[in-house]
Amino acid sequence: MTTTKAHGPTAKMDIRGVSKTFDTRAGAVHALDRCDLAIREGEFVVVVGPSGCGKSTLMMIAAGLEAPSTGQILVDGKPAGPAGPQRTVVFQRFALFPSETVAQNIAFGLRVAGVDRAERARRVTEQLEFMRLSQFRDAYPHELSGGMQQRVAIARALVVRPEILLMDEPFGALDAQTRTVLQEEVARLSREMNYTVMFITHSVEEAVYLGDRVVVMSSRPGRIKKEIAIPRDAGWRRLDIEEASSEPGFIELKREIWALIRTEIVRQ
Ligand SMILES: Nc1ncnc2c1ncn2[C@@H]1O[C@H](COP(=O)(O)OP(=O)(O)O)[C@@H](O)[C@H]1O
Ligand SMILES: [Mg+2]
């Protein structure tokens with residue numbers, strides 16, 4: 001299996017030498033150790049690794065929501081600015097505003113960015129259609145299923161047209177059927193819109209299905225252990241995840257990645 005590197009001028013986002021130590025009352029927690037990861041424009045990179053290895057920490061740092069202890073985040077070769085519309089995040093828990101409607105929730109980032117009312121309305125309507133949420137525009141989050149709420153969270157992250165989309169186990173809290181539907185939806189989104197995505201999951205199947213490249217992290221302190229390219233032109237790309245997961249090429253990749261993670265779990 002080939003390993004790809006995207007460092008240098010071709011990288012959209014470059015995570016360089018990022019380490020993180022948390023000072024806690026119980027002592028220092030060394031969460032990340034000199035992580036290097038570069039993501040090309042339009043590339044869908046999936047990060048997997050044992051629980052507690054620092055995946056979420058890496059994403060929070062990439063998003064600008066947490067400061068690294070050492071190292072830096074570059075976007076287009078320049079130090080990344082603070083969190084904001086350039087890099088938006090979808091978390092496992094939908095984190096919608098409970099007292100706002102679907103449309104108001106989606107408009108949030110546009111309001112913060114100072115987009116005027118008419119343009120906001122236009123963009124929200126377009127995003128609702130794209131995510132097949134139009135009929136729920138005036139609903140409140142508690143009236144929606146978990147899957148619908150997560151669609152809203154994705155719409156809210158996309159409506160600002162981020163340069164980079166960061167997703168931290170976005171389907172982790174969903175039931176299996178809803179998860180399958182949203183996995184296929186995200187695969188469609190990334191094909192049609194060519195987003196640059198950093199996506200975290202603990203599902204190896206999801207990683208192979210969605211990723212152009214799967215990055216395996218070591219157990220804590222998290223390091224980048226191995227990068228595995230997933231062929232874009234694999235035949236199973238056109239199948240739904242159920243069918244894809246029984247294709248020999250898919251199974252082979254899954255096995256290879258799972259073996260790497262297993263080694264790290266055993267090592268803990
Ligand atoms: N804010 C924090 N303060 C102290 N320790 C933290 C904090 N966030 C994460 N950690 C610790 O850092 C390690 C990595 O956590 P995390 O990034 O959430 O892992 P993962 O997402 O891979 O499960 C864990 O040991 C966790 O307890
Ligand atoms: Mg996590």
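Two residues are in contact if their C-beta atoms, placed from the backbone, lie within 7 Å. This is a predicted model, in which local features need pLDDT of at least 70 and side-chain atom pairs count only at pLDDT 80 or more, while totals for chains, interfaces and linings use all residues. Residues are numbered from 1 along each chain as its sequence is written.

**View 1. Residues at the contact of helices H2 and H3.** Ala 103, Ile 106, Ala 107, Leu 110 and Arg 111 of H2 meet Arg 120, Arg 123, Val 124, Gln 127 and Leu 128 of H3. By class, this contact of H2 with H3 comprises 6 nonpolar, 1 polar and 3 charged residues (Ala, Val, Leu, Ile, Met, Phe, Trp, Tyr, Cys and Pro count as nonpolar, Asp, Glu, Lys and Arg as charged, and the others, Gly among them, as polar).

**View 2. Packing geometry of H2 and H3.** Helix H2 (residues 102-112) packs with helix H3 (residues 117-130) at an angle of about 125°, and their axes are 10 Å apart. Helices are DSSP runs of H or I of at least four residues, and strands are runs of E of at least two. Axes are lines fitted to C-alpha atoms, for helices over the stretch in contact, and angles run from 0 to 180 degrees between N-to-C directions.

**View 3. The open sheet and helix H1.** The 4 strands follow the order E2-E1-E4-E5, with antiparallel pairing (pairing requires at least two DSSP bridges between two strands). The edge strands, E2 (27-40) and E5 (78-79), each pair on one side only. Helix H1 (residues 55-63) packs on the sheet and touches E1, E2 and strand E4 (70-75).

Key. Chains lettered and ligands numbered in written order.
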